[in-house]
Structure formats: C-alpha cells, structure tokens
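I opened a new notebook page for this one. My plan is to go from the overall layout down to single residues.

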Amino acid sequence: MPQYMTVGHLLRQLQDLDPDLPIRLAVNPDFPFTHYVGTDVVLQDGKAFIPDDGQEDYLPTSVSDALAWS
C-alpha cells in the first residue's frame, strides 16, 4: 500500500465491499479511537480532504493488532 493514498487506491480497496458497510477511521496508535467519516469532500490544492465527524469509541484490540499498533 502506498504511503500516500489516492482516490484510485481507495476505490480499488472499497469496490468489492458491501456498500452498506459502515466506515470508521482508526486514529492515533498511542490513544486508539475510532472516528466517524465526514460526508463532505473538499478539493483544494490538488488534494481531496475528507473530514472526521467526531469520535465514536475505542478502537477494538483486534483492529489495533491487525494494524500492528499494539
């Protein structure tokens, strides 16, 4: 996986998933929480920005393990 995600990379990763599957952001390995993904996409300076939309809960340990954060 490239360090810098592109729209194409993200689309390929998501294309075979159930379109009704919720998405969360895994944030900060030192204090792991899940965050909601915002619905707005802002295009600025040749980049697409997707905001978080608030914190949901602690990141499950199994996800931290899969990300090699623990």
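**Contacts and overall layout**

I started with contacts: of those between residues at least 6 apart in sequence, 27% join residues at least 24 apart. A reminder to myself that this is a predicted model.

Next I looked up the secondary structure and found two helices and five strands. Reading along the sequence, I get the pattern α-β-β-β-β-β-α. For the extent, I took the principal axes, and the C-alpha atoms fill a box of roughly 35 × 25 × 25 Å.

Then burial: of the 70 residues in the protein, 9% are buried. The exposed area comes to about 6000 Å², and carbon and sulfur atoms supply 55% of it.

**Aromatic rings**

How many aromatic pairs does the structure hold? I count two. One of them is Phe-33 with Tyr-58, which is stacked, at 4.4 Å centre to centre and 25 degrees between the planes. This pair links distant parts of the chain, with Phe-33 in strand E2 and Tyr-58 in strand E5 (residues 52-58), 25 residues apart.

Are the two partners buried or exposed? Phe-33 is buried, because its relative accessible area is 8% and the cut-off for buried is under 20%. Tyr-58 is at 56% relative accessibility, so I put it down as exposed. I also noted that Phe-31 joins Phe-33 and Tyr-58 in one aromatic cluster.

**Nonpolar patch**

On the surface I found a nonpolar patch of about 820 Å². Its members are Met-5, Leu-10, Leu-14, Leu-17, Leu-21, Ile-23, Val-41, Leu-43 and Ile-50. I picked Leu-14 for a check: it is in helix H1 (residues 7-14). With a relative accessible area of 33%, Leu-14 is partly exposed.

**Backbone oddities**

Last, I went through the phi angles. Most residues other than glycine have a negative phi, so I wanted the exceptions on record.

Asn-28 is one of them: its phi is positive, about 60 degrees, although it is not a glycine. Where is Asn-28 found? It is in the loop between strand E1 (24-27) and strand E2 (33-37). Its relative accessibility is 35%, so Asn-28 counts as partly exposed.

Ala-68 is another non-glycine with a positive phi of about 60 degrees. I located Ala-68 in the segment after helix H2 (61-66). At 65% relative accessibility, Ala-68 is exposed, because the cut-off for that is over 50%.

How values were computed
Residues are numbered from 1 along each chain as its sequence is written. This is a predicted model: local features need pLDDT of at least 70, side-chain atom pairs count only at pLDDT 80 or more; totals for chains, interfaces and linings use all residues. Side-chain values use heavy atoms; hydrogens and water are left out. Helices (H or I, at least four residues) and strands (E, at least two) are DSSP runs, numbered from the N terminus. Buried means under 20% relative accessible area, exposed over 50%, partly exposed in between (1.4 Å probe, protein chains only). Patches are made of residues with over 30% relative accessible area and no salt bridge: like charges are joined within 9 Å, nonpolar side chains (Val, Leu, Ile, Met, Phe, Trp, Tyr) within 5 Å. Accessible areas come from the Shrake-Rupley method with a 1.4 Å probe; for residues, only the protein chains shown count as cover. A salt bridge is a side-chain nitrogen of Lys or Arg within 4 Å of a carboxyl oxygen of Asp or Glu. Contact means heavy atoms within 4.5 Å. Rings of Phe, Tyr and Trp (its six-membered ring) pair if their centres lie within 6.5 Å; planes under 30 degrees apart count as stacked, over 60 as edge-to-face and the rest as tilted.
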